[in-house]
Amino acid sequence: MTLVPNVHEAEPIPAAARDAIDALMKSGDLFRYTAPQDAPVALLETEFAELLGTKYALAVSSCSAALFLSLKALGLPRDARVLIPGFTFAAVPSSIVHADCIPVLCEVGDNYRVDVADFAAKLDSVQAVIISHMRGHTSDIDAIMELCDALDIPVIEDAAHSLGTTWHGRNIGTIGKVGCFSFQSYKMINAGEGGILVSDDADLVAQAVIMSGAYEHNWKKHSGSSELEQAFAKWQNRLPLYNLRMSNLSAAVIRPQIPELARRVRDGLANHDYVADRLNTSPYIDVPAPLAPEQRAPDSIQFNLVDLNDEEIRAFAAAAEARGVKVQVFGMSQDNARAFWNWQFLPEQFDLPQTRAMLMKACDVRLPVRLTREELDVIADILLASIGEVVGPMPVYGT
Ligand SMILES: Cc1ncc(COP(=O)(O)O)c(C=O)c1O
(Lines give C-alpha, C1' and ligand atoms only; values in the text may rest on other atoms or scores of the structure.)
Protein backbone atom coordinates (compact mmCIF):
# COMPACT_ATOMS: atom_id res chain seq x y z
CA MET A 1 0.00 0.00 0.00
CA THR A 2 1.33 3.46 -0.89
CA LEU A 3 1.57 5.75 2.15
CA VAL A 4 0.37 9.34 2.17
CA PRO A 5 3.46 11.24 1.00
CA ASN A 6 5.07 13.94 3.11
CA VAL A 7 4.50 16.94 0.86
CA HIS A 8 6.72 19.19 2.95
CA GLU A 9 9.82 17.17 2.16
CA ALA A 10 11.93 18.73 -0.60
CA GLU A 11 13.89 16.92 -3.29
CA PRO A 12 17.48 16.12 -2.18
CA ILE A 13 20.05 18.74 -3.15
CA PRO A 14 22.34 17.35 -5.91
CA ALA A 15 25.59 15.84 -4.63
CA ALA A 16 27.62 18.39 -6.62
CA ALA A 17 26.47 21.04 -4.14
CA ARG A 18 28.21 19.16 -1.33
CA ASP A 19 31.52 19.23 -3.19
CA ALA A 20 31.16 22.95 -3.85
CA ILE A 21 30.31 23.62 -0.19
CA ASP A 22 33.23 21.47 0.94
CA ALA A 23 35.57 23.57 -1.19
CA LEU A 24 34.12 26.75 0.33
CA MET A 25 34.54 25.32 3.83
CA LYS A 26 38.18 24.62 3.11
CA SER A 27 38.89 28.05 1.63
CA GLY A 28 36.61 29.99 4.00
CA ASP A 29 35.73 32.13 0.98
CA LEU A 30 32.05 32.72 1.73
CA PHE A 31 31.71 36.42 0.82
CA ARG A 32 30.75 37.07 -2.78
CA TYR A 33 33.22 39.94 -3.25
CA THR A 34 36.41 38.38 -1.81
CA ALA A 35 37.55 36.48 -4.90
CA PRO A 36 38.73 38.69 -7.78
CA GLN A 37 36.44 36.80 -10.15
CA ASP A 38 34.28 33.70 -10.63
CA ALA A 39 32.84 33.64 -7.10
CA PRO A 40 29.89 31.18 -6.94
CA VAL A 41 27.40 34.08 -6.67
CA ALA A 42 28.87 35.77 -9.76
CA LEU A 43 28.78 32.48 -11.69
CA LEU A 44 25.17 31.94 -10.62
CA GLU A 45 24.24 35.38 -11.96
CA THR A 46 25.81 34.62 -15.34
CA GLU A 47 24.12 31.20 -15.53
CA PHE A 48 20.73 32.51 -14.44
CA ALA A 49 20.75 35.40 -16.91
CA GLU A 50 21.65 32.89 -19.63
CA LEU A 51 18.86 30.53 -18.51
CA LEU A 52 16.24 33.27 -18.60
CA GLY A 53 17.63 35.03 -21.67
CA THR A 54 18.20 38.41 -19.99
CA LYS A 55 21.22 40.72 -20.10
CA TYR A 56 21.69 40.93 -16.34
CA ALA A 57 20.93 39.10 -13.10
CA LEU A 58 21.59 40.12 -9.50
CA ALA A 59 21.48 37.45 -6.77
CA VAL A 60 20.33 38.68 -3.36
CA SER A 61 19.19 37.41 0.04
CA SER A 62 15.52 36.82 -0.89
CA CYS A 63 12.83 37.56 -3.45
CA SER A 64 11.52 40.17 -1.00
CA ALA A 65 14.93 41.87 -1.19
CA ALA A 66 14.78 41.68 -4.99
CA LEU A 67 11.33 43.34 -5.00
CA PHE A 68 12.50 46.03 -2.55
CA LEU A 69 15.64 46.80 -4.58
CA SER A 70 13.59 46.90 -7.80
CA LEU A 71 11.27 49.50 -6.29
CA LYS A 72 14.22 51.55 -4.97
CA ALA A 73 15.99 51.32 -8.34
CA LEU A 74 12.89 52.68 -10.08
CA GLY A 75 13.53 55.88 -8.12
CA LEU A 76 9.98 56.06 -6.79
CA PRO A 77 9.36 59.01 -4.46
CA ARG A 78 8.19 58.47 -0.87
CA ASP A 79 4.47 57.59 -0.76
CA ALA A 80 4.40 56.52 -4.43
CA ARG A 81 1.49 54.15 -5.01
CA VAL A 82 2.22 50.64 -6.26
CA LEU A 83 -0.54 48.43 -7.66
CA ILE A 84 -0.50 44.72 -6.75
CA PRO A 85 -2.97 41.84 -6.99
CA GLY A 86 -5.15 41.34 -3.90
CA PHE A 87 -4.03 37.71 -3.91
CA THR A 88 -0.34 37.42 -3.16
CA PHE A 89 1.94 36.69 -0.21
CA ALA A 90 2.26 39.30 2.58
CA ALA A 91 5.96 39.75 1.71
CA VAL A 92 4.92 41.59 -1.47
CA PRO A 93 3.01 44.52 0.09
CA SER A 94 5.69 44.41 2.81
CA SER A 95 8.42 45.10 0.25
CA ILE A 96 6.42 48.14 -0.89
CA VAL A 97 6.04 49.45 2.66
CA HIS A 98 9.77 48.81 3.18
CA ALA A 99 10.46 51.02 0.14
CA ASP A 100 8.37 53.85 1.73
CA CYS A 101 5.62 53.38 -0.86
CA ILE A 102 1.91 52.59 -0.56
CA PRO A 103 0.42 49.29 -1.77
CA VAL A 104 -2.81 49.58 -3.78
CA LEU A 105 -4.71 46.31 -4.23
CA CYS A 106 -6.76 45.21 -7.23
CA GLU A 107 -9.25 42.41 -7.58
CA VAL A 108 -8.31 38.88 -8.62
CA GLY A 109 -10.65 36.47 -10.40
CA ASP A 110 -11.77 32.93 -9.62
CA ASN A 111 -8.83 31.73 -11.71
CA TYR A 112 -6.35 33.43 -9.28
CA ARG A 113 -5.29 35.95 -11.92
CA VAL A 114 -5.48 39.75 -11.92
CA ASP A 115 -8.92 41.10 -12.85
CA VAL A 116 -7.81 43.25 -15.77
CA ALA A 117 -10.87 45.56 -15.61
CA ASP A 118 -10.24 46.45 -11.96
CA PHE A 119 -6.50 46.70 -12.65
CA ALA A 120 -7.15 49.15 -15.51
CA ALA A 121 -9.54 51.20 -13.37
CA LYS A 122 -6.88 51.67 -10.65
CA LEU A 123 -3.86 52.16 -12.91
CA ASP A 124 -4.25 55.95 -13.26
CA SER A 125 -3.60 56.43 -9.55
CA VAL A 126 -0.30 54.51 -9.29
CA GLN A 127 3.37 55.05 -10.22
CA ALA A 128 4.42 51.38 -10.48
CA VAL A 129 3.00 47.88 -10.64
CA ILE A 130 4.08 44.55 -9.15
CA ILE A 131 2.40 41.54 -10.74
CA SER A 132 2.59 38.45 -8.53
CA HIS A 133 1.93 35.43 -10.69
CA MET A 134 0.56 33.82 -7.56
CA ARG A 135 1.23 30.08 -7.24
CA GLY A 136 2.53 30.37 -10.81
CA HIS A 137 -0.85 31.37 -12.29
CA THR A 138 0.16 33.88 -14.94
CA SER A 139 -2.01 36.96 -15.18
CA ASP A 140 -2.77 38.26 -18.67
CA ILE A 141 0.61 39.91 -18.99
CA ASP A 142 -0.09 41.02 -22.59
CA ALA A 143 -3.05 43.10 -21.46
CA ILE A 144 -1.17 44.35 -18.40
CA MET A 145 1.89 45.43 -20.41
CA GLU A 146 -0.26 47.20 -22.99
CA LEU A 147 -2.10 49.16 -20.30
CA CYS A 148 1.11 49.99 -18.40
CA ASP A 149 3.15 50.89 -21.49
CA ALA A 150 0.43 53.30 -22.59
CA LEU A 151 0.81 55.18 -19.29
CA ASP A 152 4.58 54.61 -19.01
CA ILE A 153 4.15 52.75 -15.72
CA PRO A 154 6.96 50.28 -14.92
CA VAL A 155 6.02 46.65 -14.26
CA ILE A 156 7.91 44.45 -11.80
CA GLU A 157 7.11 40.77 -12.24
CA ASP A 158 7.02 38.87 -8.97
CA ALA A 159 7.92 35.49 -10.43
CA ALA A 160 8.59 33.87 -7.02
CA HIS A 161 6.37 30.94 -8.04
CA SER A 162 7.01 31.08 -11.78
CA LEU A 163 10.52 29.82 -12.43
CA GLY A 164 10.15 27.73 -15.60
CA THR A 165 6.75 29.14 -16.60
CA THR A 166 6.49 30.52 -20.12
CA TRP A 167 4.04 32.87 -21.84
CA HIS A 168 3.93 32.62 -25.66
CA GLY A 169 7.18 30.67 -25.17
CA ARG A 170 8.87 33.55 -23.34
CA ASN A 171 10.09 33.15 -19.77
CA ILE A 172 7.91 34.70 -17.11
CA GLY A 173 9.96 37.30 -15.26
CA THR A 174 11.47 38.67 -18.48
CA ILE A 175 8.41 40.51 -19.76
CA GLY A 176 8.19 43.40 -17.32
CA LYS A 177 11.03 45.87 -16.66
CA VAL A 178 12.40 43.56 -13.98
CA GLY A 179 11.60 40.04 -12.76
CA CYS A 180 12.14 38.72 -9.23
CA PHE A 181 12.52 35.05 -8.23
CA SER A 182 12.76 33.21 -4.92
CA PHE A 183 14.99 30.30 -3.85
CA GLN A 184 13.16 29.88 -0.54
CA SER A 185 12.48 26.22 0.30
CA TYR A 186 9.06 25.72 -1.27
CA LYS A 187 10.21 26.83 -4.72
CA MET A 188 11.42 25.11 -7.93
CA ILE A 189 15.04 25.74 -6.85
CA ASN A 190 15.60 25.41 -3.13
CA ALA A 191 18.38 27.09 -1.18
CA GLY A 192 16.44 27.55 2.03
CA GLU A 193 16.54 31.29 1.35
CA GLY A 194 17.66 33.48 -1.54
CA GLY A 195 16.41 35.51 -4.46
CA ILE A 196 17.48 36.95 -7.79
CA LEU A 197 16.35 39.74 -10.06
CA VAL A 198 16.70 39.82 -13.83
CA SER A 199 16.46 42.76 -16.22
CA ASP A 200 17.78 44.18 -19.47
CA ASP A 201 17.83 47.70 -18.03
CA ALA A 202 21.46 48.63 -17.24
CA ASP A 203 20.57 51.76 -15.27
CA LEU A 204 18.15 49.87 -13.01
CA VAL A 205 20.54 46.95 -12.52
CA ALA A 206 23.51 49.20 -11.68
CA GLN A 207 21.48 50.88 -8.95
CA ALA A 208 20.20 47.56 -7.59
CA VAL A 209 23.74 46.11 -7.55
CA ILE A 210 25.13 49.06 -5.59
CA MET A 211 22.20 49.18 -3.16
CA SER A 212 22.42 45.40 -2.62
CA GLY A 213 25.82 46.04 -1.07
CA ALA A 214 28.46 46.36 -3.82
CA TYR A 215 30.32 49.03 -1.88
CA GLU A 216 33.31 50.94 -3.28
CA HIS A 217 34.24 49.38 -6.62
CA ASN A 218 32.90 45.87 -5.94
CA TRP A 219 30.50 46.42 -8.83
CA LYS A 220 33.48 45.66 -11.08
CA LYS A 221 33.00 41.99 -10.12
CA HIS A 222 29.63 41.93 -11.90
CA SER A 223 29.82 40.76 -15.48
CA GLY A 224 28.11 43.16 -17.78
CA SER A 225 28.49 45.55 -20.66
CA SER A 226 29.93 48.98 -21.33
CA GLU A 227 26.39 50.30 -20.81
CA LEU A 228 26.37 48.79 -17.32
CA GLU A 229 29.83 50.18 -16.52
CA GLN A 230 28.70 53.67 -17.47
CA ALA A 231 25.65 53.27 -15.24
CA PHE A 232 27.86 52.13 -12.33
CA ALA A 233 30.09 55.16 -12.82
CA LYS A 234 27.01 57.40 -12.81
CA TRP A 235 25.64 55.96 -9.55
CA GLN A 236 28.93 55.52 -7.63
CA ASN A 237 28.68 56.99 -4.09
CA ARG A 238 25.16 58.27 -4.73
CA LEU A 239 23.09 55.42 -3.27
CA PRO A 240 22.59 53.87 0.16
CA LEU A 241 23.90 50.35 0.77
CA TYR A 242 21.17 48.04 2.06
CA ASN A 243 23.44 44.96 2.20
CA LEU A 244 21.08 42.32 0.87
CA ARG A 245 23.80 40.24 -0.77
CA MET A 246 23.71 36.51 -1.36
CA SER A 247 26.42 34.37 0.26
CA ASN A 248 28.61 32.01 -1.77
CA LEU A 249 27.14 29.13 0.28
CA SER A 250 23.65 29.77 -1.11
CA ALA A 251 24.97 30.05 -4.66
CA ALA A 252 26.78 26.72 -4.20
CA VAL A 253 23.45 25.11 -3.27
CA ILE A 254 21.57 26.74 -6.15
CA ARG A 255 23.95 26.26 -9.09
CA PRO A 256 23.80 22.44 -9.30
CA GLN A 257 19.99 22.64 -9.31
CA ILE A 258 19.84 24.72 -12.49
CA PRO A 259 20.43 21.67 -14.76
CA GLU A 260 17.58 19.92 -12.86
CA LEU A 261 15.07 22.67 -13.61
CA ALA A 262 13.77 21.40 -16.97
CA ARG A 263 13.03 17.97 -15.48
CA ARG A 264 11.38 19.50 -12.41
CA VAL A 265 9.18 21.70 -14.60
CA ARG A 266 8.20 18.77 -16.82
CA ASP A 267 7.38 16.48 -13.87
CA GLY A 268 5.65 19.22 -11.90
CA LEU A 269 3.34 20.04 -14.80
CA ALA A 270 2.57 16.38 -15.56
CA ASN A 271 1.83 15.71 -11.87
CA HIS A 272 -0.36 18.77 -11.59
CA ASP A 273 -2.36 17.98 -14.71
CA TYR A 274 -2.84 14.36 -13.64
CA VAL A 275 -4.28 15.36 -10.26
CA ALA A 276 -6.28 18.20 -11.87
CA ASP A 277 -7.95 15.75 -14.27
CA ARG A 278 -8.86 13.46 -11.39
CA LEU A 279 -10.22 16.29 -9.21
CA ASN A 280 -12.20 17.79 -12.06
CA THR A 281 -14.26 14.56 -12.20
CA SER A 282 -16.05 15.90 -9.11
CA PRO A 283 -18.81 18.45 -9.74
CA TYR A 284 -17.79 20.06 -6.42
CA ILE A 285 -14.21 20.81 -7.48
CA ASP A 286 -12.96 23.17 -10.16
CA VAL A 287 -9.29 23.39 -11.11
CA PRO A 288 -9.09 26.52 -13.28
CA ALA A 289 -7.55 25.99 -16.72
CA PRO A 290 -4.33 27.80 -17.70
CA LEU A 291 -4.58 30.79 -20.04
CA ALA A 292 -3.86 29.91 -23.68
CA PRO A 293 -0.34 31.46 -23.95
CA GLU A 294 0.76 29.95 -20.67
CA GLN A 295 2.90 26.84 -20.09
CA ARG A 296 2.89 26.33 -16.32
CA ALA A 297 5.56 25.01 -13.93
CA PRO A 298 3.57 24.07 -10.81
CA ASP A 299 4.72 22.39 -7.61
CA SER A 300 1.33 22.71 -5.93
CA ILE A 301 -2.30 22.62 -6.99
CA GLN A 302 -5.10 25.12 -6.38
CA PHE A 303 -8.77 24.38 -6.83
CA ASN A 304 -12.10 25.98 -5.98
CA LEU A 305 -14.83 24.22 -4.06
CA VAL A 306 -18.14 24.60 -5.92
CA ASP A 307 -21.56 24.92 -4.25
CA LEU A 308 -20.19 24.25 -0.76
CA ASN A 309 -20.98 26.55 2.15
CA ASP A 310 -18.37 27.66 4.70
CA GLU A 311 -19.24 24.84 7.11
CA GLU A 312 -18.93 22.23 4.35
CA ILE A 313 -15.62 23.76 3.21
CA ARG A 314 -14.26 23.49 6.78
CA ALA A 315 -15.55 19.92 7.02
CA PHE A 316 -13.82 19.04 3.73
CA ALA A 317 -10.47 20.43 4.91
CA ALA A 318 -10.82 18.60 8.25
CA ALA A 319 -11.73 15.32 6.51
CA ALA A 320 -8.69 15.59 4.22
CA GLU A 321 -6.41 16.43 7.13
CA ALA A 322 -7.72 13.47 9.13
CA ARG A 323 -6.72 11.30 6.18
CA GLY A 324 -3.26 12.88 6.05
CA VAL A 325 -3.54 15.57 3.34
CA LYS A 326 -3.25 19.18 4.47
CA VAL A 327 -5.56 21.45 2.47
CA GLN A 328 -5.10 25.15 3.02
CA VAL A 329 -8.24 27.15 2.26
CA PHE A 330 -6.61 30.55 1.80
CA GLY A 331 -9.33 32.63 3.45
CA MET A 332 -10.36 30.27 6.23
CA SER A 333 -7.53 30.50 8.77
CA GLN A 334 -7.06 33.41 11.18
CA ASP A 335 -3.53 34.23 10.11
CA ASN A 336 -3.13 33.20 6.47
CA ALA A 337 -0.45 35.47 4.98
CA ARG A 338 -2.11 35.29 1.55
CA ALA A 339 -5.45 36.72 2.74
CA PHE A 340 -5.34 40.47 2.17
CA TRP A 341 -7.47 41.31 5.22
CA ASN A 342 -4.65 39.93 7.39
CA TRP A 343 -2.24 42.60 6.06
CA GLN A 344 -3.16 44.98 8.82
CA PHE A 345 0.19 46.76 8.49
CA LEU A 346 -0.95 48.38 5.21
CA PRO A 347 -1.29 52.17 5.39
CA GLU A 348 -4.61 51.86 3.52
CA GLN A 349 -7.08 48.97 3.63
CA PHE A 350 -8.97 47.71 0.58
CA ASP A 351 -12.34 46.09 0.13
CA LEU A 352 -12.08 43.43 -2.57
CA PRO A 353 -15.34 41.42 -2.46
CA GLN A 354 -14.51 39.30 -5.52
CA THR A 355 -11.05 38.34 -4.24
CA ARG A 356 -12.43 37.67 -0.76
CA ALA A 357 -15.11 35.33 -2.17
CA MET A 358 -12.42 33.45 -4.16
CA LEU A 359 -10.13 33.11 -1.12
CA MET A 360 -12.98 31.65 0.96
CA LYS A 361 -13.32 28.67 -1.37
CA ALA A 362 -9.85 28.34 -2.96
CA CYS A 363 -7.80 25.39 -1.74
CA ASP A 364 -4.05 24.90 -1.87
CA VAL A 365 -2.30 21.52 -1.75
CA ARG A 366 1.42 21.03 -2.17
CA LEU A 367 2.48 18.62 -4.94
CA PRO A 368 6.29 18.40 -4.82
CA VAL A 369 7.60 17.40 -8.24
CA ARG A 370 9.25 14.24 -6.87
CA LEU A 371 5.88 12.53 -6.18
CA THR A 372 5.16 9.24 -7.97
CA ARG A 373 1.91 8.43 -9.78
CA GLU A 374 0.92 6.17 -6.88
CA GLU A 375 1.48 8.96 -4.39
CA LEU A 376 -0.50 11.38 -6.56
CA ASP A 377 -3.33 8.86 -6.61
CA VAL A 378 -3.26 8.64 -2.83
CA ILE A 379 -3.64 12.43 -2.61
CA ALA A 380 -6.38 12.59 -5.28
CA ASP A 381 -8.24 9.65 -3.67
CA ILE A 382 -8.16 11.38 -0.29
CA LEU A 383 -9.39 14.69 -1.68
CA LEU A 384 -12.25 13.03 -3.57
CA ALA A 385 -13.18 10.83 -0.59
CA SER A 386 -13.18 13.91 1.66
CA ILE A 387 -15.57 15.68 -0.71
CA GLY A 388 -17.70 12.52 -0.71
CA GLU A 389 -17.74 12.55 3.09
CA VAL A 390 -19.16 16.08 3.05
CA VAL A 391 -21.64 15.91 0.16
CA GLY A 392 -22.21 12.17 -0.24
CA PRO A 393 -20.57 9.81 -2.71
CA MET A 394 -20.52 10.67 -6.40
CA PRO A 395 -23.35 8.99 -8.33
CA VAL A 396 -22.19 6.11 -10.53
CA TYR A 397 -24.24 5.81 -13.72
CA GLY A 398 -24.62 2.41 -15.38
CA THR A 399 -24.66 1.94 -19.16
C1 LIG B 1 4.17 35.35 -4.30
C2 LIG B 1 5.40 35.57 -3.48
N3 LIG B 1 6.17 36.63 -3.76
C4 LIG B 1 7.30 36.88 -3.05
C5 LIG B 1 7.71 36.05 -2.04
C6 LIG B 1 8.93 36.39 -1.26
O7 LIG B 1 9.91 35.41 -1.40
P8 LIG B 1 11.11 35.30 -0.37
O9 LIG B 1 10.66 34.37 0.72
O10 LIG B 1 12.24 34.73 -1.16
O11 LIG B 1 11.38 36.66 0.14
C12 LIG B 1 6.94 34.92 -1.72
C13 LIG B 1 7.37 34.00 -0.66
O14 LIG B 1 7.07 32.82 -0.66
C15 LIG B 1 5.75 34.69 -2.45
O16 LIG B 1 4.97 33.66 -2.14
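The following exercises, with worked solutions, concern a predicted model.

**Exercise 1. Domain division**

Determine into which domains the protein chain is divided, how far apart their C-alpha centres lie, and how many residues each gives to the contact.

Solution.
1. The assignment divides the protein chain into domain 1, covering 15–259, and domain 2, covering 260–391.
2. Between the C-alpha centres of domain 1 and domain 2 the separation is 27 Å.
3. To the contact, domain 1 contributes 47 residues and domain 2 contributes 41 residues.

**Exercise 2. Helices H7 and H8**

Classify the mutual orientation of H7 and H8, and describe the residues of their contact.

Solution.
1. Helix H7 spans residues 202–213 and helix H8 spans residues 226–235; their axes are 8 Å apart and meet at an angle of about 55 degrees.
2. Angles under 35 degrees count as roughly parallel and those from 65 to 115 as roughly perpendicular. H7 and H8 are therefore oblique to each other.
3. The crossing of H7 past H8 is right-handed.
4. On the H7 side, the contact is formed by Ala202, Asp203, Val205, Ala206, Gln207, Val209 and Ile210. On the H8 side, the partners are Glu227, Leu228, Ala231, Phe232, Lys234 and Trp235.
5. Sorted by class, the residues of this contact between H7 and H8 are 9 nonpolar, 1 polar and 3 charged.

**Exercise 3. Helices H10 and H13**

Carry out the corresponding analysis for H10 and H13.

Solution.
1. Helix H10 (residues 261–279) packs with helix H13 (residues 373–391) at an angle of about 30 degrees, and 10 Å separates their axes.
2. Angles under 35 degrees count as roughly parallel. H10 and H13 are therefore roughly parallel to each other.
3. H10 passes H13 with right-handed crossing geometry.
4. H10 supplies Ala270, Asn271, Tyr274, Val275, Arg278 and Leu279 to the contact, while H13 supplies Arg373, Leu376, Asp377, Ala380, Asp381, Leu383 and Leu384.
5. The contact of H10 with H13 comprises 8 nonpolar, 1 polar and 4 charged residues.
6. A general point assists in reading such lists: an α-helix has 3.6 residues a turn, so residues three or four places apart point the same way.

**Exercise 4. The surroundings of helix H4**

Identify which residues of H4 are buried, which elements they pack against, and what backbone feature occurs just after H4.

Solution.
1. Helix H4 covers residues 91–98, and its buried residues are Ala91, Val92, Pro93, Ser95 and Ile96.
2. These buried residues of H4 pack against helix H3 (63–73) and against strands E2 (81–85), E3 (102–106), E4 (128–132) and E5 (155–158).
3. Just after H4, aspartate 100 adopts a positive phi of about 65 degrees.

Conventions: Residues numbered from 1 in each chain as written. Predicted model: local features only at pLDDT ≥ 70, side-chain atom pairs only at ≥ 80, totals over all residues. Heavy atoms only, no water. Axes fitted to C-alpha atoms, helices over the stretch in contact; angles between N-to-C directions. Helix = DSSP H or I, 4+ residues; strand = E, 2+ residues; numbered from the N terminus. Parallel < 35°, antiparallel > 145°, perpendicular 65-115°, else oblique. Left-handed = near helix turned anticlockwise from the far one by under 90°. Contact = heavy atoms within 4.5 Å. Nonpolar A, V, L, I, M, F, W, Y, C, P; charged D, E, K, R; others polar. Buried < 20%, exposed > 50% of the residue type's maximum accessible area, 1.4 Å probe, protein only. Domains from an automatic or database assignment.
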